[in-house]
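Notebook open, model loaded. I'll jot down what I look up as I go.

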Amino acid sequence: EQPIFSTRAHVFQIDPNTKKNWVPTSKHAVTVSYFYDSTRNVYRIISLDGSKAIINSTITPNMTFTKTSQKFGQWADSRANTVYGLGFSSEHHLSKFAEKFQEFKEAARIAKEKSHEKMELTSTPSQESAGGDIQSPLTPESINGTDDERAMPEVTQNSEPRAEPTQNALPFTHSSTISKHWEAELATLKGNNAKLTAALLESTANVKQWKQQLAAYQEEAERLHKRVTELECVSSQANAVHTHKTELNQTIQELEATLKKKEEEIEGLKQEIENARELQAQRDSLTQKLQEVEIRNKDLEGQLSDLEQRLEKSQNEQEAFRNNLKTLLEILDGKIFELTELRDNLAKLIECS
């Protein structure tokens, strides 16, 4: 594998428990690189934090890189069963990484289509040869003849005179021809089987060799990553000294400017202290007034409480009065009903008399 594009970013992974929160996998910005494996024709995203691989994601045509903000992007890796997130220092770096992701994703798609076409081309001849073999299967009946064919010579010998040997020899001649034909077919099949076995053994040996090469490539990649990390550390130290010197000069200038500003601020603070004293006096006055207002509020709250108690008492008395009125009305209704009955009885007595 060879690195084809590198950048620096903060690496995150989705929390496997909540599937919502991001978990940082690097304490600082690390190198994130695109790698191309020419032997397998695949693209991968790899990032190391020291000797630990925090990203090892193979790009597939189904992947999608999504920009979730101006400096953050993410993609899902179904093989690793996780979602990776990258935080960049600028929007330009994010856009460049996204462009490369789309470019290598398209290249992976094209490579996958080409590999499928090669597999189809290589599988087509074997299917045709297999089809030819299937059309002429080797069975005991075809070599020795069916039961009817094996019985034919005996029937012929018993039914016809021995003076005609040519007619009796025809079935045997035909059977021997078929046997030779199928012996040739059997030899062809054995040859094809031997070729396929040899090809299988060769493929197995190639797979073992590829695995050994892959292990060697991985070891070499790890060694190169360590070397790159060491070189980055050395380069960063040299750059850090120069940057530190420049920063010190800028800091001195900034401190001088800050000193002048502080002197001006001190004069302003003196004036503000005078104003603060006046404000303190006003604050004390307002505090005293506020205390008086709070005392009045407490008195008013007491009066309001008394009024509420009186109102509640009055409401209770009114409720009792209403209940008494209802009782009297019920009694009055009963008396009226009794008087009505009495009147009706008197009227009936008068009519009867």
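**Entry 1: Thr7**

Is Thr7 buried or exposed? I looked up its relative accessible area and got 8%. The cut-off for buried is under 20%, so Thr7 goes down as buried. A reminder to myself before going on: this is a predicted model.

Next I checked where Thr7 sits, and it belongs to strand 1, which covers residues 2–14. Then I asked which residues Thr7 touches once those up to four places away in sequence are left out. I found Val30, Thr31 and Val32, along with Phe88, His93 and Phe97.

**Entry 2: the whole protein**

I stepped back to get the layout. I counted eight strands and four helices. What order do the elements come in from the N terminus? They run β-β-β-β-β-β-β-β-α-α-α-α.

I also pulled the overall numbers. The protein has 353 residues, and 16% of them are buried. Thr7 is one of the buried ones. The exposed area comes to about 27,700 Å², with carbon and sulfur atoms supplying 55% of that. For contacts with a separation of 6 or more, I noted that 49% are between residues 24 or more positions apart.

**Entry 3: the largest pocket**

I went looking for pockets. The largest pocket has a volume of about 460 Å³. Its lining takes in 24 residues, and those closest to the centre are Thr31, His225, Val228, Thr229 and Glu232. I had already met Thr31 as a contact of Thr7.

Which elements give two or more residues to this lining? I wrote down strand 1, strand 3 (30–37), strand 4 (42–49) and helix 4. Helix 4 provides the largest share, at eight residues.

**Entry 4: a nonpolar patch**

On the surface I found a nonpolar patch made of Phe321, Leu325, Leu328 and Ile331. Together they have about 400 Å² of accessible area. I picked Ile331 for a closer look and placed it in helix 4, residues 165–352. Its relative accessibility is 46%, so I logged Ile331 as partly exposed.

**Entry 5: positive phi**

I wanted residues other than glycine with a positive phi, and noted two. Lys19 has phi near 60°. Lys19 is in the loop between strand 1 and strand 2 (22–24). At 47% relative accessibility, Lys19 is partly exposed.

Asn81 has phi near 55°. Where is Asn81 found? I traced it to the loop between strand 7 (72–77) and strand 8 (82–87). Asn81 has a relative accessible area of 59%, so I put it down as exposed.

**Entry 6: salt bridges**

How many salt bridges does a search of the whole structure find? It finds eight. As background, side chains of opposite charge can pair when their charged atoms come close. I followed up three of the pairs.

Arg109 and Glu106 make a salt bridge, with their closest N and O atoms 2.2 Å apart. Why are these two separated by about one helical turn? Because they are three residues apart in helix 1, residues 91–135. Arg109 has a relative accessible area of 30% and is partly exposed. Glu106 is partly exposed as well, with 33%.

Glu265 and Lys262 have side chains that meet in a salt bridge, at 3.6 Å from N to O. I got another spacing of about one helical turn here, because Glu265 and Lys262 are three residues apart in helix 4. Glu265 is partly exposed at 42% relative accessibility, and Lys262 is partly exposed at 43%.

My last pair was Asp344 with Arg343, where the closest N and O atoms are 3.9 Å apart. The cut-off for a salt bridge is within 4 Å, so I kept this one on the list. Asp344 has 34% relative accessibility and counts as partly exposed. Arg343 comes out as exposed, at 59%.

I then checked for salt bridges that share partners, and these join Glu106, Arg109 and Glu113 into one network. That put Glu113 beside the Arg109 and Glu106 pair in my notes.

Methods:
Residues are numbered from 1 along each chain as its sequence is written. This is a predicted model: local features need pLDDT of at least 70, side-chain atom pairs count only at pLDDT 80 or more; totals for chains, interfaces and linings use all residues. Side-chain values use heavy atoms; hydrogens and water are left out. Buried means under 20% relative accessible area, exposed over 50%, partly exposed in between (1.4 Å probe, protein chains only). Contact means heavy atoms within 4.5 Å. Accessible areas come from the Shrake-Rupley method with a 1.4 Å probe; for residues, only the protein chains shown count as cover. Patches are made of residues with over 30% relative accessible area and no salt bridge: like charges are joined within 9 Å, nonpolar side chains (Val, Leu, Ile, Met, Phe, Trp, Tyr) within 5 Å. On a 1 Å grid over the protein atoms alone, a cavity is a set of points where a 1.4 Å probe fits but cannot get out, and a pocket is an open set with protein on both sides within 12 Å along at least five of seven lines; lining residues have an atom within 4 Å of a point. Grid points are joined across faces, edges and corners, and a volume is the space filled by probe spheres set on the points.
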